[in-house]
Amino acid sequence: MEIITELTKLDYKSIFIAIFVIFAGIKTYISLFEWLTGKLGLETKGMKKKREEHKQIILNTKAIKELSKIHEESVTQSIRHDEKLKDDILTLTSTVKEIADKLNIMQNKIDHTEMAKLKNQILSYYKKYKDIGEWDEFESDVFWDLYDSYISHGGNSFVKKDIEPIMRELHIKN
């Protein structure tokens, strides 16, 4: 119990001030030691580590700046490339449309030419068999194949209106 009584009599304020003064003295001593070793050109492990860390930070900063510059150049180049691709795609689209239009014109001409040929053949069959009133099954098949081709190529004139009904009336020979 005496120990506790004596502890309560201690001057904690003085103890706190003493500890603070001791730590401040140690800090001052360390700073003075670092200053002195720096002036004398001596290097401690801590100073060497700080110097190396500082050097590494500088190197990392330079590397980050270089990477940032490379990134900016890459983005700029990518944007230019994208714009060129866009222009090329527009040109290609235009060219494809022109080709498609030309193909449509060519197909229409081919259809028209083929339709005229088919119409002429159909007319030949018509002239040959309308007065006879009959034909072979083979001739009938050929005629109707010609007729279907004529219609598929866009034919829709007097052949459909005048010739088809008469040809449907023809009898097939045995």
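A salt bridge is a side-chain nitrogen of Lys or Arg within 4 Å of a carboxyl oxygen of Asp or Glu. By that criterion, a search of the whole structure finds 4 salt bridges. The structure is a predicted model, in which local features need pLDDT of at least 70 and side-chain atom pairs count only at pLDDT 80 or more, while totals for chains, interfaces and linings use all residues. Residues are numbered from 1 along each chain as its sequence is written, and side-chain values use heavy atoms, with hydrogens and water left out.

**Salt bridges within helices**

Helices (H or I, at least four residues) and strands (E, at least two) are DSSP runs, numbered from the N terminus. Three of the salt bridges, including two in helix H3, are set out below.

| Pair | Closest N and O atoms |
|---|---|
| Lys 84 and Asp 88 | 3.3 Å |
| Lys 97 and Asp 101 | 3.3 Å |
| Glu 164 and Arg 168 | 3.0 Å |

In general, side chains of opposite charge can pair when their charged atoms come close. Lys 84 and Asp 88 both belong to helix H3 (residues 45-129), where they stand 4 residues apart, about one turn of the helix. Lys 97 and Asp 101 are likewise in H3, 4 residues apart and again about one turn of the helix from each other. Glu 164 and Arg 168 lie in helix H5 (residues 158-169); because they are 4 residues apart there, about one helical turn separates them.

The accessibility of these residues can be classed as buried (under 20% relative accessible area), exposed (over 50%) or partly exposed (in between), using a 1.4 Å probe and protein chains only. Lys 84 is exposed, because its relative accessibility is 52%, whereas Asp 88 is partly exposed at 39%. Lys 97 is exposed with a relative accessible area of 52%, and Asp 101 is partly exposed with 36%. In the H5 pair, Glu 164 counts as buried because its relative accessibility is 15%, while Arg 168 is exposed at 52%.

**Packing of H4 against H5**

Two packed helices are described by the angle between their axes and the distance between the axes. Here, axes are lines fitted to C-alpha atoms, for helices over the stretch in contact, and angles run from 0 to 180 degrees between N-to-C directions. The axes of helix H4 (residues 137-152) and H5 come within 12 Å and cross at roughly 160°. H4 and H5 are therefore roughly antiparallel to each other, on a scale where angles under 35 degrees count as roughly parallel, over 145 as roughly antiparallel, 65 to 115 as roughly perpendicular and the rest as oblique. Their crossing is left-handed; that is, the near helix is turned anticlockwise from the far one by less than a right angle, a clockwise turn being right-handed.

Contact means heavy atoms within 4.5 Å. On the H4 side, Phe 143, Trp 144, Tyr 147, Tyr 150 and Ile 151 take part, and they meet Val 159, Lys 160, Ile 163, Glu 164, Met 167 and Arg 168 in H5. By class, this contact has 8 nonpolar, no polar and 3 charged residues. In this classification Ala, Val, Leu, Ile, Met, Phe, Trp, Tyr, Cys and Pro count as nonpolar, Asp, Glu, Lys and Arg as charged, and the others, Gly among them, as polar. Glu 164 and Arg 168, which meet in a salt bridge, are among the H5 residues of this contact.

**Packing of H3 against H4 and H5**

The axes of H3 and H4 come within 9 Å and cross at roughly 145°, and this crossing is left-handed. Residues of H3 in the contact include Met 115, Leu 118, Tyr 125, Lys 128 and Tyr 129, and those of H4 include Glu 139, Val 142, Phe 143 and Leu 146. The contact of H3 with H4 has 10 nonpolar, 2 polar and 3 charged residues.

H3 also packs with H5, at an angle of about 35° and with the axes 11 Å apart; the crossing is left-handed. Lys 119, Ile 122, Leu 123, Tyr 125 and Tyr 126 in H3 meet Phe 158, Val 159, Ile 163, Ile 166 and Met 167 in H5. These residues divide into 9 nonpolar, no polar and 1 charged.

**Two residues of H4**

Glu 139, found in helix H4, counts as buried because its relative accessibility is 17%. Leaving aside neighbours within four places in sequence, Glu 139 is in contact with Tyr 125, Lys 128 and Tyr 129. Its C-alpha atom is separated by 70 Å from that of Gln 77, 62 residues apart along the chain.

Ser 140 is also found in H4 and is buried, with a relative accessible area of 6%. Not counting residues up to four places away in sequence, Ser 140 touches Trp 135 and Ile 172.
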